[in-house]
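Here is a friendly walk through a protein–DNA model, meant to be read with the structure open beside you. Take a look at it first, then follow the sections in any order you like.

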Amino acid sequence: MQSLPMPRRYLISSLLQPKPPLKLIKSLSHLKQIHAQLLTNDRLKSPPILAQLIQRFSSPLAPTHAHLILTHFHPPNLYLFNVLIRCTKPRDSIHLFAHWVSKSSLSFDDSTYVFVLGACARSCTAVSVLFEGKQVHARVIKHGFLSDVMVGTTAVHFYASNRDVGSARRLFDEMAVRSSATWNAMIKGYCSQKLKVGEYARDAFALFKEMLVSDVSGVTPTDTTMVSVLSAASQLGVLDTGTCVHGYIEKAIYTPELDVFIGTGLVDMYAKCGCLDSAMYVFKRMKERNVLTWTAMVTGLAVHGKGKQALEILDAMEAHCVKPNSVTFTSLFSACCHAGLVEEGLCLFHSMEREFGIEPLIQHYGCVVDLLGRAGHLKEAYSFVKDMKVEPDAVLWRSLLNACKVHGDVVMGEKVGKILLQLQQQTELSVVESSDVSEDYVALSNVYAYAERWEDVGMVRDMMKIKGIQTKPGCSSVQSFRGRLLDV
DNA sequence: ATAGGGTTAG
């Protein structure tokens, strides 16, 4: 067994201090050793000290260790159980909770439900835990914890992050007492539906207005509210509303310096609403900027076709010691794409992995394919796809198909179009919320139309009729050109 | 002695 990095006495005494130093425990073996020491010392075998240990541990605790710790207490200790639920990975906490529900030797409290529902909200990325969360919600009702504001708020957050906006709102409306955080959870829920961007942005505004006129004491918009509302304005492309929100922030939420979160939200809002000058002005005024702030600025430059300026940001970031992340590169590629900087984009793709140590994800490959395709390098784009380390997705094929159409390559267009339709048939049954189903059929039909192969056009259109696929009308989210014109 | 909410993306 390896020796402890610190003498035992020093370590335990520092744990007993009112404010133990942060990041005291670095590795799992270190944690185990301390745990062993505590177990041999009866005086120190207390839940608060173990809780400190667990919370000072830098990474989520493995479920087996969580279990081990819990079984040392007879009867089981609720406080420690809650801390463990908080300090394991979301999915592990859900399992841990389910296990102890079946043992029925603990009667849970409000904190337990806050942590479990919070875990259900956080683990929504890959596979939905809507079913598990609903069961927790049922228990909450059964045991009378729904009247607790924090439990209710977390439940709203849970439904919204699992894409069930309707249930989130129903719960929100039923709550007798709501805090600012409750309103924030619902407003945020409307703004962060990644699969349906902008679809609930108007609901977010409506709820924000209700919040403003709410006469419940203590319920006022906070910085969190404002970040969400800015995001809603940005999604809708409503510059004048966004500007009003900015005014409200300056007036109501006074801070001597622009907060990094709100500042980033403002940069994003102005850039997406077509007002790049204002975005730059806010950006320059900010004292503290993080990766997200810089990335928002890159995105702003990218959508305005300022490719060279966007690339310069990468150097500026280095000068400010801010490391770009995966998303920053997506924005940088997008900037290259919009400005037709093919060489620069390819060069960036290689340096991303070599210099910055960021592994390319599907969206990065997608950007490069888009970049090559738009510039007319269709063969290169196709062979690039064939050499990829990950499976190409529909978005990637779609951009290649579009490039084929633009550059009149019917042969490759037909090939890619068929791959797309095949891919769609595979996902049709499993993914309910697939993006515009009609797009791929229309795109393939356009490829045939370009080649004047009318029989094939008819075939695709017939397929659409049989499958009952309807085309969607196009729309623009930018409210008016007024702001843009004033800028020029 | 334990708490809920935040910005970036093809």
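The report below goes from the overall make-up of the chain to the DNA surface, the domains and a few individual residues.

## The chain as a whole

Please keep in mind that this is a predicted model. Chain A has 27 helices and zero strands. Of its 488 residues, 45% are buried.

How much of the contact pattern links residues that are far apart in sequence? Among contacts in chain A with a separation of 6 or more, 65% involve residues 24 or more positions apart.

## Around DNA strand B

DNA strand B is surrounded by 35 residues, and the closest are Tyr79, Met150, Ser179, Ala181 and Thr224. Sorted by class, this surface has 14 polar, 11 nonpolar and 10 charged residues. Helix α15, which covers residues 260-272, gives the largest share of the surface, with four residues.

Which parts of the DNA face the protein? Sugar or phosphate accounts for 44% of the strand B atoms within 4 Å of the protein, and bases account for the rest. Some polar contacts can be picked out by eye. On the phosphate side, lysine 188 places a polar side-chain atom 3.3 Å from a phosphate oxygen of strand B, and lysine 272 has a polar side-chain atom 3.1 Å from a phosphate oxygen. On the base side, an N or O atom in the side chain of aspartate 259 is 3.1 Å from a base nitrogen of strand B.

## Domains and an interface

Chain A is divided into domain 1 (1-88), domain 2 (289-392) and domain 3 (395-472). The C-alpha centres of domain 2 and domain 3 are 27 Å apart. In the interface, 16 residues of domain 2 are in contact with 10 residues of domain 3.

The size of an interface is often given as the accessible area lost when the parts come together. For domain 2 and domain 3, the buried area is about 1100 Å², and carbon and sulfur atoms give 77% of it. Which three residues of domain 2 supply more of the area it buries against domain 3 than any other three? They are Leu378, Tyr382 and Pro392, which together supply 50% of that area.

## Helix α5 and its surroundings

Helix α5 spans residues 78-86, and its buried residues are Leu80, Phe81, Asn82, Val83, Leu84 and Ile85. The elements that cover these buried residues include α3 (47-56), α4 (63-70), α6 and α7.

At the N-terminal end of α5, asparagine 77 acts as a cap: one of its side-chain oxygens lies 3.1 Å from the backbone nitrogen of tyrosine 79. Tyr79 also appears among the closest residues to DNA strand B.

## Two loop residues with positive phi

Most residues other than glycine have a negative phi, and most peptide bonds are trans. Serine 104 has a positive phi, near 40 degrees, and sits in the loop between α6 (90-103) and α7 (110-122). Because its relative accessibility is 60%, serine 104 counts as exposed.

Arginine 163 also has a positive phi, near 65 degrees. This arginine is in the loop between α9 (149-161) and α10 (165-174). Is arginine 163 buried, exposed or partly exposed? At 39% relative accessibility, arginine 163 counts as partly exposed.

## Three helix residues to look up

Threonine 293 belongs to helix α17, residues 291-303. With 0% relative accessibility, threonine 293 is buried, since the cut-off is under 20%. Leaving aside neighbours within four places in sequence, threonine 293 is in contact with Val260, Thr264, Phe283 and Met286.

Glutamate 344 is in helix α20, residues 342-354, and its 30% relative accessibility makes it partly exposed. Beyond its neighbours within four places in sequence, glutamate 344 is in contact with Lys308, Leu311 and Cys336. The C-alpha atoms of glutamate 344 and arginine 86 are separated by 45 Å, and the two residues are 258 apart along the chain. Proline 63, in helix α4, is partly exposed at 37% relative accessibility. From C-alpha to C-alpha, proline 63 and glycine 300 are 43 Å apart, with their positions 237 residues apart in sequence.

Notes
Residues numbered from 1 in each chain as written. Chains lettered and ligands numbered in written order. Predicted model: local features only at pLDDT ≥ 70, side-chain atom pairs only at ≥ 80, totals over all residues. Heavy atoms only, no water. Near = heavy atom within 4 Å. Polar contact = N/O pair within 3.5 Å; in protein donor to acceptor, adjacent residues only side chain to side chain. Nonpolar A, V, L, I, M, F, W, Y, C, P; charged D, E, K, R; others polar. Buried < 20%, exposed > 50% of the residue type's maximum accessible area, 1.4 Å probe, protein only. Domains from an automatic or database assignment. Contact = heavy atoms within 4.5 Å. Buried area = accessible area lost by both parts, 1.4 Å probe.
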